[in-house]
Amino acid sequence: MSLPRFVTILALAAAPALAAEPSFTFRAIDGGSYDSAEWRGKPVLVVNTASLCGFAPQLADLQALSDAYAGRAVVLAVPSDDFNQELASESEVKEFCAVNYDLTLPMTGIEHVAKGEVHPFYAWVKAEHGFTPGWNFNKVLIGPDGEFIKGWGAVTNPGSAAITSEIDALLK
């Protein structure tokens with residue numbers, strides 16, 4: 001074996017394997033579950049929500065965004081009481097969102113996103129990308145291949161150009 005080929009083989013053996021981005025399972029608020037692997041090929045906007053938060057009117061904007069990108073992107077609401085502004089039960093959250101905002105987009109059960117035993121998705125976003133929700137209605141955009149694209153705080157509206165331009169770029 002010649003030296004250059006031996007060096008190439010060693011370099012390939014030492015190179016880290018290209019791993020696919022992880023997938024995550026979320027409990028659905030009305031039973032069952034969502035597997036993020038099923039959304040591969042589409043951008044996914046994940047938003048930690050809270051019914052009693054002053055930013056709760058963004059739920060209507062999340063639904064509008066979900067409707068605008070139906071079939072091409074996913075908007076996932078993740079209710080959380082990490083900032084003490086969520087209703088007591090998942091059934092109350094589901095009813096509140098349906099009655100007040102006509103929410104039909106995918107919604108998870110109540111999860112920890114920043115405190116306590118956080119959902120594995122939020123643990124991954126923090127560990128790998130340094131993003132932890134600092135309040136309710138923080139947004140995380142995941143690309144079609146499951147990669148972290150960008151995160152935004154509560155003041156960035158879901159329908160803002162900051163978010164839609166990123167989704168549109170991923171859809172091209």
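What follows is a short exchange on how the terms apply to this predicted model.

User: What do the model's values rest on?
Analyst: In this predicted model, local features need pLDDT of at least 70 and side-chain atom pairs count only at pLDDT 80 or more, while totals for chains, interfaces and linings use all residues. Residues are numbered from 1 along each chain as its sequence is written, and side-chain values use heavy atoms, with hydrogens and water left out.

User: Why is the set with Leu-45 and Leu-59 called a nonpolar core?
Analyst: The term needs buried Ala, Val, Leu, Ile, Met, Phe, Trp, Tyr and Cys residues joined through side-chain atoms within 4.5 Å. Buried means under 20% relative accessible area; exposed means over 50%, with partly exposed in between (1.4 Å probe, protein chains only). The largest such set has 26 residues, and Leu-62, Met-107 and Phe-137 are among those with the most contacts inside it. Elements giving two or more residues to this core include β3 (44-49), α2 (58-68) and α5 (161-171). Helices (H or I, at least four residues) and strands (E, at least two) are DSSP runs, numbered from the N terminus. Another core, of 19 residues, lies apart and includes Phe-24 and Val-140.

User: Which residues count as contacts of Leu-62, leaving aside its neighbours within four places in sequence?
Analyst: Contact means heavy atoms within 4.5 Å. Among those in contact with Leu-62 are Leu-45, Val-75, Phe-137 and Pro-158.

User: What makes β5 and β6 a pair?
Analyst: Pairing requires that DSSP finds at least two bridges between the strands. Strands β5 (139-142) and β6 (148-152) have 4, in the antiparallel sense, so they pair. Leu-141 has Lys-150 as its bridge partner in β6. Between the strands are 5 residues, and Gly-146 in this hairpin takes a positive phi near 90°.

User: How do you know that the buried residues of α4 share a side?
Analyst: In α4 (120-129), the buried residues are Phe-121, Tyr-122, Trp-124 and Val-125. They cover an arc of only 155° around the axis, which puts them on the same side of α4. The arc is taken from the directions from the helix axis to the C-beta atoms. Exposed Lys-126 and Ala-127 sit on the face turned away.

User: Why is the space lined by Trp-39 and Phe-121 called a cavity?
Analyst: On a 1 Å grid over the protein atoms alone, a cavity is a set of points where a 1.4 Å probe fits but cannot get out. The search of the whole structure finds 1 cavity of 30 Å³ or more. The largest cavity holds about 130 Å³, a volume filled by probe spheres set on grid points joined across faces, edges and corners. Its lining has 15 residues, each with an atom within 4 Å of a point.

How values were computed: 1 Å grid on protein atoms, 1.4 Å probe; cavity = no way out; pocket = protein on both sides within 12 Å on 5 of 7 lines; lining within 4 Å.
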